[in-house]
Amino acid sequence: MMFYKKAQLKSNRESRIERPLGIKDPDRIPLTSLEVDSYFETAGVVISLTKFGAYIDVGTECDGLLHVSQITREDFVEHPRQVFSPGDKVEGLRVVRVSPELKKLQLSLLLSKDEMKSSNNDDDENFYYEEDEDEDEDRIALEDVNVDDELWGEIKRVTSYGSYVELGAAVDGFLHFMDHPDFGAVKGAKPNEYMKVRNRVRVWVSDIDTEKKRIKLTGIRPPRLPGPKRELR
């Protein structure tokens with residue numbers, strides 16, 4: 001009964017959000033006409049939020065999913081409610097994946113790999129991108145990484161919350177600025193003052209979220225560990 005009431009409340013909230021077109025409107029865009037990496041010319045409307053992303057009406061035959069990892073590269077977003085509310089309009093949405101057969105559409109607010117490479121400036125200390133066509137085949141699966149694993153990685157991007165670290169795994173790890181060993185060494189220092197892109201860092205896995213595909217790191221050795229476990233290069 002409680003589940004039914006929660007589902008009913010959610011349905012009532014969604015019904016109050018004004019969609020650009022009716023759900024069964026014949027003018028809605030069929031998924032078969034969409035191309036990967038194409039952009040929507042009009043703003044989408046946030047319909048609902050979940051812990052892993054936001055469902056957005058972009059005028060297609062089904063709502064698209066904007067995964068939490070596809071919202072921004074500047075900040076670490078734990079939950080989409082930190083950025084959006086139902087009814088918000090979102091511009092600049094890009095098609096990441098589309099499956100007309102499964103009626104699924106995945107969206108992104110991030111630049112595509114080609115756009116990232118063309119816009120990358122070597123003088124920008126807060127961003128570094130390098131692509132290897134065969135790198136995905138050699139990466140360590142998320143399921144093979146364990147809490148307390150000792151790893152070496154390279155800082156790929158620095159934000160106001162910390163840094164993203166390339167570990168050689170399926171996803172980058174996130175090192176919060178307070179978990180960096182140099183945090184507090186200089187009072188009031190900002191993360192980009194002691195976290196530098198391309199710096200190699202020694203870290204330990206503090207948490208793994210396989211559903212959200214996230215690895216949280218710490219630069220402070222857990223006192224319970226007897227010795228190093230392994231190194232990913």
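Two strands count as paired here if DSSP finds at least two bridges between them. Strands (E, at least two residues) and helices (H or I, at least four) are DSSP runs, numbered from the N terminus.

This is a predicted model, where local features need pLDDT of at least 70 and side-chain atom pairs count only at pLDDT 80 or more, while totals for chains, interfaces and linings use all residues. Residues are numbered from 1 along each chain as its sequence is written, and side-chain values use heavy atoms, with hydrogens and water left out.

**View 1. The whole chain, before we zoom in.** The secondary structure comes to four helices and eleven strands. Of the chain's 233 residues, 36% are buried, and buried means under 20% relative accessible area, with exposed over 50% and partly exposed in between (1.4 Å probe, protein chains only). About 14400 Å² of the chain is exposed, and carbon and sulfur atoms supply 48% of that; such areas come from the Shrake-Rupley method with a 1.4 Å probe, and for residues only the protein chains shown count as cover. A contact means heavy atoms within 4.5 Å. Among contacts between residues at least 6 apart in sequence, 63% join residues at least 24 apart.

**View 2. The open sheet, from edge to edge.** Which order do the six strands of this open sheet have? Reading across, it goes β4-β1-β2-β3-β6-β5, and the pairing is mixed. The edge strands are β4 and β5 (94-99), each of which pairs on one side only. β5 and β6 pair in the antiparallel sense over five bridges. Look for V95 here: its bridge partner in β6 is L107. L107 turns up again as the β6 bridge partner of L66. That one belongs to the parallel match between β3 and β6 (residues 104-108), joined by two bridges.

**View 3. Strand β1 and its two partners.** Is β1 (residues 44-50) largely enclosed or largely open? Six of its seven residues are buried, so β1 is largely enclosed by the rest of the structure. With β4 (residues 89-90), β1 pairs in the antiparallel sense over two bridges. Five bridges join β1 to β2, also running antiparallel, and a hairpin links these two strands through two residues. V45 is a handy landmark: it stands opposite K89 in β4, and its bridge partner in β2 is D57.

**View 4. The hairpin of β2 and β3.** β2 (residues 53-57) and β3 (residues 64-67) pair in the antiparallel sense over four bridges. G53 stands opposite H67 in β3. Between the strands lie six residues, and in this hairpin G59 takes a positive phi near 85°.

**View 5. The barrel.** Five strands close into a barrel in the order β7-β8-β9-β11-β10, with mixed pairing. From one strand to the next the twist averages 50°; axes are lines fitted to C-alpha atoms (for helices, over the stretch in contact), and angles run from 0 to 180 degrees between N-to-C directions. β9 (residues 173-176) and β11 (residues 214-218) run parallel, joined by three bridges. To find the match, pick out G173, whose bridge partner in β11 is I215.

**View 6. Two nonpolar cores.** A nonpolar core is a set of buried Ala, Val, Leu, Ile, Met, Phe, Trp, Tyr and Cys residues joined through side-chain atoms within 4.5 Å. The largest one has 19 residues, and V165, L167, M195, V203, I215 and L217 have the most contacts inside it. β7 (150-158), β10 (200-209) and β11 each supply at least two residues of this core. A second, separate core of 18 residues includes L34, F40, V46 and L105. In soluble globular proteins, nonpolar side chains tend to be buried together. Back to M195: leaving out residues up to four places away in sequence, its contacts include I155, L175 and F177.

**View 7. I220, just past the barrel strand.** I220 is found in the segment after β11. At 45% relative accessibility, I220 counts as partly exposed. Leaving out residues up to four places away in sequence, I220 touches M178, D179 and W204. D182 is 38 residues from I220 in sequence, and their C-alpha atoms are 9.5 Å apart.

**View 8. How far to trust the ends.** pLDDT is the predictor's confidence in each residue, from 0 to 100. The chain averages 80, with 78% of the residues scoring at least 70. Over residues 1-14 the pLDDT is below 50, and beyond near neighbours in sequence this stretch has three contacts in the model. Residues 229-233 also stay under 50, and for them the model has 18 contacts beyond four places in sequence. Where pLDDT is low, the predicted coordinates should not be read in detail.
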